[in-house]
Every structure is written in structure tokens, then in C-alpha cells.
Amino acid sequence: MKNTITATKRFAYTPVVTPSGYVVGKAIEGEYGWEPGSNRHFETYDHARRIADGLNKDLGLTTKDAWVITASSMRLANR
């Protein structure tokens, strides 16, 4: 019998500013950039942030966890 290990990367939802408004995107820890979370646009940044915060809470992430994950995707842009 073989032992298997499955590893997954953490991700967090984050508000993103786009030319057509604010959206909720997904930042994957240690990967550059973000992925669209949905096609839903919000009128304000705060609304998108509240949605992202709720989704992150559902994932069991603290606000700090989400910031660290999101920041890790931005840091890679400076390399």
C-alpha cells in the first residue's frame, strides 16, 4: 500500500479594481496575479471588500491570513 500526500495552495478572495468597476478576485498564495472570482461587478470598493471578507471567513481565513496570501501574489511582481 502506497502512502500519498496531497498538497494544495491556500487562496484568498480580494477586492480588485478593474476598468469596468470593482470585482472579487482570487489570489493564490505564492503565484503572481489574481483570477476572476465571478463576473459580478460592485459599485464600490467597500462592497467588494465586504463580499471578499465574507468568503474568506467561510474558508476559515482571518483577515490577516487573507492579506498575507494576497500580498504574496503582489510581491512576485517586484522580482
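Mentor: Let's start with a term: helices (H or I, at least four residues) and strands (E, at least two) are DSSP runs, numbered from the N terminus. With that, the elements of the chain run β-β-β-α-α from the N terminus on. Residues are numbered from 1 along each chain as its sequence is written. This is a predicted model, where local features need pLDDT of at least 70, side-chain atom pairs count only at pLDDT 80 or more, and totals for chains, interfaces and linings use all residues; side-chain values use heavy atoms, leaving out hydrogens and water.

Trainee: What is the average pLDDT of the chain?

Mentor: pLDDT is the predictor's confidence in each residue, from 0 to 100. The chain averages 87, and 86% of the residues score at least 70. Among the elements, helix α1 (residues 45–58) has the highest mean, 96, and strand β3 (residues 35–36) the lowest, 84.

Trainee: Why does Ser72 count as buried?

Mentor: Buried means under 20% relative accessible area, exposed over 50%, and partly exposed in between (1.4 Å probe, protein chains only). Ser72 has 7% relative accessibility, so Ser72 counts as buried. Ser72 lies in helix α2 (residues 63–75). Leaving aside residues up to four places away in sequence, Ser72 touches Ile28, Glu29 and Gly30, where contact means heavy atoms within 4.5 Å.

Trainee: What makes the Phe11 and Tyr13 pair edge-to-face?

Mentor: Rings of Phe, Tyr and Trp (its six-membered ring) pair if their centres lie within 6.5 Å; planes under 30 degrees apart count as stacked, over 60 as edge-to-face and the rest as tilted. A search of the whole structure finds two aromatic pairs. In the one formed by Phe11 and Tyr13, the centres are 5.7 Å apart and the planes meet at 90°, which gives edge-to-face.

Trainee: And why is the pair of Tyr22 and Tyr45 edge-to-face?

Mentor: Their ring centres are 6.2 Å apart and their planes stand at 80°, so this pair is edge-to-face. Tyr22 lies in strand β2 (residues 21–28) and Tyr45 in helix α1, so the pair ties together parts that are 23 residues apart in sequence.

Trainee: Why is Tyr45 called partly exposed?

Mentor: Because its relative accessibility is 37%. Tyr22 is partly exposed with 25%, and Phe11 is partly exposed with 26%.

Trainee: How do you know that the charged end of Lys26 sits over the ring of Phe11?

Mentor: A charge sits over a ring if NZ of Lys or CZ of Arg is within 6 Å of the ring centre and within 35 degrees of the ring normal. The charged end of Lys26 is 4.7 Å from the centre of the Phe11 ring, and sits over that ring.
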